[in-house]
Amino acid sequence: MALLEILQLPDERLKQVSEPVEVFDDELRAFIADLEETRLNGPAAVGIAAPQVGMFKRVVIIDCSTTRKPVPNHGYMVLVNPEITKWDGFEKGREGCLSVPDYTGNVIRATKITLSAKDPYGEPLQFDMEGYEARAAQHEIDHLDGMLFVDRVVSRRTDLFKRKVYQDGGTGKKS
Ligand code: NI
C-alpha cells in the first residue's frame, strides 16, 4: 500500500471529469486500498474521490461512522461508478475538503438521496442516504464531475470560512 499525493486547489486537474470504471480487477482494488490509506492519513476525512489523487476514474470512498456527532450512516463504503437516482429536500450545511485545506463553506445539498453504484468486484449496490452521509456522497460525486464545494458555496462573501486550525472537529470535516 502507498500514500497518494492529494491535489489541492488551484490545481486545474481537479476540474477534470472522471471516466467510468469498466474493468474490476486487482489493479483497481489495489488502487482503492491506497486511496483508503490516503483518506485515513492525518485527521481521517469522511470521504475521498479518486480524482483528488490524480486518478480520473469514478471511484469514491465514504465513511461517516467516525464523525464526532452520531449521524445515520452505512459505515465504510467503496462506491464505483456511483449515480444518484433520487433527490429529496434541501439543506444548507458546512463542508470541507482535502483538496481545499484552508477553507470550509456552506453548501446547499439534497437531504435524502438514493444512490446506485458497483462494489470493487462489479456487484451492484444501492443505498438510501440522509443528512450528513447524503451530503458527503453528493460532495464526493461532485469531484468525479470536476466540481469542488467552493464552486457551490451559497455566497463567497458570507459562506466561505478560513479554517482557524487544520482540523476543526465537529463541523466541516474534510471529504
Ligand atoms: Ni472533497
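Let us begin with I113 and its surroundings. In this predicted model, leaving out residues up to four places away in sequence, I113 touches I84, K86, W87, F127, D128, M129, A134, A137 and Q138.

I113 is also one of the residues with the most contacts inside the largest nonpolar core, together with I62, L79, L115 and M129. That core has 19 residues. Which elements give two or more residues to this core? They are strand 2 (59–63), strand 3 (76–88), strand 6 (112–118), strand 7 (124–130) and helix 2 (131–144). Helix 2 provides the largest share, 5 residues. Apart from this core there is a second, separate one of 14 residues, and among its members are A45, A50, V53 and V80.

I now turn to the chain as a whole. The protein chain has 2 helices and 8 strands. Read from the N terminus, the order of its elements is α-β-β-β-β-β-β-β-α-β. The radius of gyration is 15 Å, close to the 16 Å that the globule rule gives for 175 residues, so the chain is as compact as a globular protein of that length. Along the principal axes, the C-alpha atoms fill a box of roughly 45 × 35 × 30 Å.

How much of the chain counts as buried? Of the 175 residues, 49% do. Among contacts with a separation of 6 or more, 68% are made by residues 24 or more positions apart. The accessible surface comes to about 8,900 Å², and carbon and sulfur atoms account for 51% of that surface. As for charge, the chain carries 23 positive and 28 negative charges, and the mean positions of the two sets are 9 Å apart.

Next, two points of backbone geometry. As background, most residues other than glycine have a negative phi, and most peptide bonds are trans. Where, then, is there a cis peptide bond? A cis bond joins L9 and P10, with omega at about 10 degrees. P10 lies in the segment before helix 1 (26–40). The second point concerns N81, a residue other than glycine whose phi is positive, near 50 degrees. N81 belongs to strand 3. Is N81 buried or exposed? Its relative accessible area is 19%, and since buried means under 20%, N81 is buried.

Finally, I should like to compare positions in sequence with positions in space, using two residues. L3, like P10, is placed in the segment before helix 1. L3 is partly exposed, with a relative accessible area of 48%. L3 and E36 are 33 residues apart along the chain, and their C-alpha atoms are separated by 8.9 Å. Which residues does L3 touch, not counting those up to four places away in sequence? They are E37, T38 and N41.

The other residue is D102, found in strand 5 (residues 100–109). D102 is partly exposed, with a relative accessible area of 43%. D102 and P120 are 18 residues apart along the chain, while their C-alpha atoms are separated by 32 Å. With neighbours within four places in sequence left aside, D102 is in contact with F161, K162 and R163.

Methods
Residues are numbered from 1 along each chain as its sequence is written. This is a predicted model: local features need pLDDT of at least 70, side-chain atom pairs count only at pLDDT 80 or more; totals for chains, interfaces and linings use all residues. Side-chain values use heavy atoms; hydrogens and water are left out. Helices (H or I, at least four residues) and strands (E, at least two) are DSSP runs, numbered from the N terminus. The radius of gyration is taken over C-alpha atoms; the globule rule is 2.2 Å times the number of residues to the power 0.38. Buried means under 20% relative accessible area, exposed over 50%, partly exposed in between (1.4 Å probe, protein chains only). Contact means heavy atoms within 4.5 Å. Accessible areas come from the Shrake-Rupley method with a 1.4 Å probe; for residues, only the protein chains shown count as cover. Lys and Arg count as positive and Asp and Glu as negative; His and the chain ends are not counted. The place of a charge is taken as NZ of Lys, CZ of Arg, CG of Asp or CD of Glu. A nonpolar core is a set of buried Ala, Val, Leu, Ile, Met, Phe, Trp, Tyr and Cys residues joined through side-chain atoms within 4.5 Å.
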